[in-house]
Amino acid sequence: MSLDISFIGILIGSIMASSVPLILAASGELITERSGVLNLGVEGMMIIGAISGFALMVITDNLFIAIVGSMFSGVIISLIFGFLTQSLLTNHVATGLALTIFGIGLSAMLGKNFVGIPGKEFPILFSSLRESIPFFGPILFGHSIVLYFAFALPFLTNYFLKKTKLGLVVRAVGDSPVSASNQGINVITVRYCCILYGGAMCGLAGAYLSLIYTPQWIENMTAGRGWIALALVVFATWSPIKVLIGALIFGGITILQLHMQAIGFRIPVQFLSALPYLMTIIVLVVISRDSRKIKLNTPTSLGRIFYKEK
Amino acid sequence: MATDLRISNISKIYPGCIANDNVSLQFKSGKIYALLGENGAGKSTLVKILSGVISPDNGEVFLNEKNLKLNSPLDAKKNKIGMVFQHFNLFETLSVFENLSIDATEDNKSLRVRINEIFKKYNFSIDLDVPVLNLSAGQKQKVEIIRCLLRSPKVLIMDEPTSVLTEQETEELFISLKKFCDEGILIIYITHKLKEVLSLCDEVAVMRKGKVVSVSQTQNEKVETLANKMVGQKLAKIKKKINISKNKDEIFKVKHLNFYSDDPFETNLVNLNFSVKKGECLGIAGISGNGQNELFQILSGEIITPDTSIIFRNKEIAKLNPKQRREYLMAFSPEDRISQAAVPELKIYENVALNNFKSSNFFEKGLVNERKIKEHSKKILSDFSVNTDNVELKSQFLSGGNLQKLILGRELITAPELLICYNPTWGLDVGAINYIHETLIKINDQEKSTILISTDTEELLKLSDRIAVIYKGKLSKIMPSEEVTPEKLGLLMGGGSID
């Protein structure tokens with residue numbers, strides 16, 4: 001293996017690509033959790049997004065419809081979660097788990113006829129620049145539009161939460177729904193919106209897998225990425241920028257350890273496979289150890305059921 | 001412009017309880033009105049209706065003869081009714097400014113200007129950019145008040161505002177409230193503290209069991225008359241027979257109690273020495289935050305300090321944990337009933353079992369003997385007149401007074417030789433306070449000792465045989481309580497000296 005500079009560029013580019021679904025899903029879930037709702041259905045929403053995106057692509061032959069459709073299906077399935085937890089006041093944890101199980105089952109059923117169908121090539125941007133600039137070319141250029149969006153998203157999320165009025169309302173609702181309600185904020189509506197947004201982002205994350213990253217439908221193709229995204233949100237202590245860092249570390253070590261396995265390092269394979277999880281947790285714990293900041297970022301009412309006094 | 005608020009025939013019925021029964025009241029600006037009543041009298045329900053949090057089953061609210069439809073807090077806001085809740089309605093993790101800006105219609109810059117104007121006008125000063133969780137209770141309340149003032153309210157409702165304030169903060173609050181009143185804001189002040197009514201308010205409406213039982217000018221009222229109206233029966237006056245006899249045994253003796261902490265929110269304790277005799281009540285006065293918390297925790301064994309000697313019944317117990325100290329027949333009643341003394345989510349009998357002492361047979365071979373615990377709990381409920389006999393009830397549904405009775409009952413049923421309590425009547429109404437005071441006096445009559453750490457000087461003078469004052473972690477000279485006057489105590493509590 002030659003460790004020349006352009007190879008490293010390509011490696012970094014592939015690491016970025018592999019962390020996109022994590023960034024998307026985690027950013028969406030972050031907004032949901034910041035409003036005080038714990039949706040454990042990320043994995044389920046992602047897999048529904050993946051199959052509906054792929055199916056729409058096959059049926060309509062239009063990638064734009066497929067992408068938008070995947071987000072829409074994420075919205076629909078999160079609407080079920082929203083209705084159950086916000087209107088019928090069911091337990092967030094149980095409902096979210098049910099959503100994941102439901103999503104995996106439903107996607108397998110819907111996807112039966114789509115197994116083995118080859119995907120369509122997804123257009124990439126600035127492909128000429130990718131080849132012409134060494135090292136930076138493969139890092140910065142030649143990616144799909146979804147990747148650029150994903151890398152902008154944590155910063156947009158951060159700006160939204162910290163600088164905008166709506167972001168303030170979301171944080172307020174997550175801090176104390178009772179106070180927010182007494183201040184005249186419609187807590188249920190805010191939480192519905194955050195849940196649906198989270199659903200859309202998870203749908204998009206799923207579609208990225210089935211349309212762009214590995215363009216095909218495989219049963220259970222999200223392979224636990226939804227759970228990783230959920231864990232990222234918590235270990236990043238609800239900070240969007242740290243979510244991005246965590247996703248990159250996870251993606252990076254996943255790819256690196258694959259290379260190490262291929263080269264045949266004398267380290268047990270099991271340890272290498274476990275490395276991404278271990279390292280991501282260690283790094284995020286280390287960078288988020290300021291207990292004061294954790295307290296300020298943690299949505300105090302997370303997972304608690306809110307109902308309005310009558 | 002004068003404001004006239006009229007409540008007409010308001011009723012609100014909850015399953016099993018009539019919270020408001022045909023309540024009619026009238027308020028006019030330029031005066032401060034008190035709404036007085038025991039816990040559960042229906043005051044909070046009424047103000048929740050006025051602030052649009054809940055809607056009444058019946059009745060109407062008129063502001064300047066306009067019929068208000070208060071279906072949500074937004075409606076109250078639009079009609080310029082401001083409300084400061086007893087349990088603050090703030091967002092703890094957001095900054096002060098974010099808390100104030102959340103429902104503002106103007107941009108941040110002009111909002112800051114307006115907030116600073118209010119600061120100047122009323123002599124407030126709070127850092128706008130720190131998170132609310134870093135503020136003291138008094139500061140939090142100011143944030144709530146400022147939030148109301150920003151909307152230039154016609155009516156300002158304060159729900160039990162002093163229950164979390166120090167005396168200094170209470171004084172500041174009263175000065176502000178009088179200013180608001182002079183500026184034409186109609187103030188409705190909800191409380192169960194009689195003295196506050198007399199010193200602050202012009203008119204007082206007393207509520208009992210959901211009904212208004214009297215409306216009168218405060219100048220025609222006295223503490224006793226108001227108390228009787230509030231409770232609905234003549235309250236017995238309690239005064240302890242002070243008993244200091246020099247030749248009684250010292251049952252509890254503390255020497256060289258020092259405590260040092262790096263936490264800026266904790267107070268260091270400097271060389272405390274005191275002792276308690278058999279059958280005696282030692283009162284420890286002080287404004288909250290002067291080391292009482294730390295002292296209580298050291299006496300109960302939650303904090304173990306090196307080099308401190310605590311002798312109890314001729315044994316050294318300074319290194320023992322709370323459970324072991326209980327086995328030596330000490331008992332404790334902490335200040336925070338909900339989080340320290342009891343687990344609110346647990347049922348009554350489960351809370352009783354938490355405090356298992358050696359001689360009990362609540363647990364056999366690691367299993368819970370539910371029948372025994374329940375029998376025992378029933379006895380506590382009836383012996384200490386807790387107003388329920390359902391031991392399966394979750395403790396969080398008990399009112400403050402009943403929960404305190406349960407806690408005291410749980411501690412006392414083991415017949416301890418020494419009871420250490422910290423603000424045992426904090427936030428309780430007159431009836432419950434009376435009961436608890438009677439209980440504490442009874443303990444002393446039975447030749448058992450008590451240490452009463454309290455911020456309530458009246459309570460201390462009523463119950464203690466000897467009193468000391470704690471100020472900035474130091475203990476004053478211990479004085480026989482007949483030599484102590486409220487003025488003397490006030491001076492010592494503020495850091496002065498009397499010699």
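Biologist: Before H12(A) and H13(A), how are the axes and angles defined here?

Modeller: Axes are lines fitted to C-alpha atoms, for helices over the stretch in contact, and angles run from 0 to 180 degrees between N-to-C directions. Keep in mind that this is a predicted model.

Biologist: OK. At what angle do H12 and H13 of chain A pack?

Modeller: About 160°, with the axes 9 Å apart. H12(A) covers residues 240–263 and H13(A) covers 269–287.

Biologist: Roughly parallel or antiparallel?

Modeller: Angles over 145 degrees count as roughly antiparallel. H12(A) and H13(A) are therefore roughly antiparallel.

Biologist: Left-handed or right-handed crossing?

Modeller: The H12(A)–H13(A) crossing is right-handed.

Biologist: Which residues make the contact?

Modeller: On H12(A), they include A:Ile249, A:Phe250 and A:Ile253. On H13(A), A:Leu272, A:Pro276 and A:Met279 are among them. By class, the contact has 12 nonpolar, six polar and one charged residues.

Biologist: Switching. How do H8(A) and H10(A) cross?

Modeller: At roughly 110°, and their axes come within 10 Å. That makes H8(A) roughly perpendicular to H10(A). H8(A) brings A:Val169, A:Val170 and A:Val173. H10(A) brings A:Val187, A:Val190, A:Arg191 and A:Cys194.

Biologist: How many of those are polar?

Modeller: None; six are nonpolar and one is charged.

Biologist: Now chain B. How many residues does each chain give to the contact?

Modeller: Chain A gives 15 and chain B gives 16.

Biologist: Which element gives the largest share on the chain A side?

Modeller: H8(A), with five residues. H9 (177–182) and H14 (291–297) of chain A also give two or more residues.

Biologist: And how does that side divide by class?

Modeller: The side of chain A that touches chain B has four nonpolar, six polar and five charged residues.

How values were computed. Residues are numbered from 1 along each chain as its sequence is written. Chains are lettered from A and ligands numbered from 1 in the order in which they are written. This is a predicted model: local features need pLDDT of at least 70, side-chain atom pairs count only at pLDDT 80 or more; totals for chains, interfaces and linings use all residues. Helices (H or I, at least four residues) and strands (E, at least two) are DSSP runs, numbered from the N terminus. Angles under 35 degrees count as roughly parallel, over 145 as roughly antiparallel, 65 to 115 as roughly perpendicular and the rest as oblique. A crossing is left-handed if the near helix is turned anticlockwise from the far one by less than a right angle, and right-handed if clockwise. Two residues are in contact if their C-beta atoms, placed from the backbone, lie within 7 Å. Ala, Val, Leu, Ile, Met, Phe, Trp, Tyr, Cys and Pro count as nonpolar, Asp, Glu, Lys and Arg as charged, and the others, Gly among them, as polar.
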